[in-house]
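Open the structure in your viewer and keep the selection tool ready. We will go stop by stop, picking residues and looking at what surrounds them.

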Amino acid sequence: MDSGDVMLKAHLLFIGGDIPAMAKMTGHAGHTHYHGCRFCMIHRGFQERRMTFPPQLKEIQQQTEDDLDLTVTGRHDCRRPKPVIRRAHTYRTVDKYLRQNKVCPFAEFPTFHSATFFPINIMHLLRPGIGKQLWSIIQGTYGTDNCPLYLPNATQELIGARIAASRNLTPSSFSGDCGDLSFQSAKDGISCLQNAVKYWIKWLEDQVNSENISPAVFTINQHYLTHLCKTIEQLEDDYWNDDDDNKEDNDIVRKGSKMDEIFLPDNPDSPEIWGPFAEDTIQSLRCRGALGHFWAWRNETYEGISIDPDQIIETGSKLYNKDKNTYGGTTRESLIRMYIYVDVSKTKKQSVIERRQRQYFGEIKYFFKHGYVLQGKLCDKILAFVELYKLNRGNGPWPYKTENGGKRRVVVEASDIIGFEGYTKGMDTREYIYWSQKNTHTKKELPIDYRLEYIPK
Ligand SMILES: [Zn+2]
């Protein structure tokens with residue numbers, strides 16, 4: 001940069017935090033008050049000395065904000081209106097009735113989108129919030145005699161012991177099937193979640209009405225569940241909006257998570273290597289032999305291929321690939337499946353080469369960019385240094401490796417990576433490899449080179 005100053009445009013899209021922090025930032029009194037929800041105008045109830053937020057009954061769902069003063073406090077009764085989602089302007093003025101004690105300082109921002117600007121804190125989400133409460137229902141906190149989910153102490157302890165014992169059977173990764181959730185299929189996920197929430201709240205309500213479960217079960221966490229889908233939808237819209245008007249803004253959000261990147265400047269679709277970065281010689285990075293094989297394969301001969309062991313290369317731990325996945329960084333995201341071109345000719349004659357793709361599995365060590373002059377022309381590639389596993393055929397569809405099964409290190413192109421793989425340890429010494437089979441009916445899978453017989457030593 002020559003001119004010195006760089007102008008950056010930043011947009012505040014959401015604000016999150018725990019309950020006291022949210023109360024401060026929204027200017028709202030918080031969940032212990034009569035209008036205890038920062039998303040909507042629900043009136044809280046009071047059961048067994050606890051604040052409750054029971055769902056509304058169907059027949060009065062058509063009511064509006066103006067009908068609010070018809071409601072009665074406290075008990076879960078049919079005069080309660082359907083809670084109205086608060087609109088942006090209600091955060092801009094002090095309203096003692098709504099417990100909007102102060103003007104929300106963020107409500108004037110052009111990016112402010114009302115209630116969903118304040119996403120639900122992790123403490124109220126499925127695992128720590130709802131999961132914990134589900135366990136409370138099982139433990140009998142909301143009734144024991146008729147509660148259909150109540151389990152006696154001995155059974156609870158047995159479940160705990162069984163979960164602990166099953167730990168090594170739990171697959172380490174479902175990435176193969178979940179990897180694209182954050183990018184494309186969130187809409188399906190939302191409608192599935194929406195139905196699940198509706199079903200769960202309705203079921204609880206039936207149990208409460210039949211006096212099987214105490215009405216105290218309708219805590220603020222249960223109520224926040226009903227706002228969860230809207231909040232996620234808003235997050236998704238702001239992050240992954242493909243609208244051209246917002247293109248510039250999206251790039252800011254999307255690339256915000258990394259400091260720098262390595263890519264091929266002459267290729268607009270180039271994969272990008274992301275940090276953390278490191279620098280070392282080819283010798284110390286132990287990729288000299290594999291890099292030699294890689295260029296010889298492209299050169300169609302080993303003649304004239306020589307890799308300088310003292311050349312310093314910059315490596316990165318993550319790769320943002322064309323399939324919009326980010327590989328590397330953690331163990332889970334480093335286990336990958338690859339389609340690699342190899343020579344499958346059975347003859348030993350060097351002049352006979354039969355180029356075919358075979359399927360391989362292994363673990364990413366690092367990514368780097370490397371250039372080599374082939375036939376008088378500099379050729380740049382984004383590469384991955386990978387440890388391939390030797391595998392055995394399993395009885396089912398999944399191959400397995402054993403602890404001393406053997407590995408071989410290779411250099412592959414970023415485009416050879418086709419997805420994540422999962423990994424799970426059986427009760428014996430077998431370590432099973434599995435992957436998403438979502439598309440197998442449309443495309444025949446390539447044969448697996450189990451023993452790495454086509455990979456040069
Ligand atoms: Zn609410």
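**Stop 1: a loop residue**

Select Arg99, which sits in the loop between strand S2 (50–52) and helix H2 (126–139). Keep in mind that this is a predicted model. Is Arg99 buried, exposed or partly exposed? Arg99 has 19 other C-beta atoms within 10 Å. A residue counts as buried at 20 or more and as exposed at 12 or fewer, so Arg99 is partly exposed.

Now add Ala29 to the selection. Ala29 and Arg99 are 70 residues apart in sequence, yet their C-alpha atoms are 5.4 Å apart in space. Which other residues does Arg99 contact, beyond its neighbours within four places in sequence? Show His28, Ala29, His33, Tyr34 and His35.

**Stop 2: paired strands**

Move to strand S4, residues 272–281. Strand S3 (residues 261–262) pairs with S4 in the antiparallel sense, over two bridges. Strand S5 (residues 312–320) also pairs with S4 in the antiparallel sense, over eight bridges.

Click Ile273 in S4. Its bridge partner is Ile262, and in S5 it stands opposite Leu319.

**Stop 3: helix H9**

Select residues 288–299, which form helix H9. Measure between the end C-alpha atoms in your viewer: they are 16 Å apart. That agrees with the span expected for 12 residues at 1.5 Å a residue, because the expected span uses one less than the number of residues.

Colour Leu291, Phe294 and Trp295, which are buried. Where do they lie when you look down the axis of H9? The buried residues of H9 fall within an arc of 85°, so they line one face of the helix. The general rule helps here. An α-helix has 3.6 residues a turn, so residues three or four places apart point the same way.

What covers these buried residues? Show helix H8 (282–285), strand S8 (355–374) and strand S11 (407–413), which are among the elements that do. Then step just past the end of H9 to Glu300, whose phi is positive, near 65°.

**Stop 4: the cores**

Now look for the largest nonpolar core, which has 41 residues. Select Phe367, Ala384, Val411 and Val412, the residues with the most contacts inside it. Strand S9 (residues 377–389) gives this core its largest share, seven residues.

Zoom in on Val411. Leaving out residues up to four places away in sequence, Val411 touches Cys287, Ala290, Leu291, Phe294, Leu383 and Phe385. Two of these names, Leu291 and Phe294, are buried residues of H9.

Finish at a second, separate core of 19 residues. Phe53, Phe118, Ile213 and Leu228 are among them.

How values were computed. Residues are numbered from 1 along each chain as its sequence is written. This is a predicted model: local features need pLDDT of at least 70, side-chain atom pairs count only at pLDDT 80 or more; totals for chains, interfaces and linings use all residues. Helices (H or I, at least four residues) and strands (E, at least two) are DSSP runs, numbered from the N terminus. Two residues are in contact if their C-beta atoms, placed from the backbone, lie within 7 Å. Two strands pair if DSSP finds at least two bridges between them. The arc is that of the directions from the helix axis to the C-beta atoms. A nonpolar core is a set of buried Ala, Val, Leu, Ile, Met, Phe, Trp, Tyr and Cys residues joined through C-beta atoms within 7 Å.
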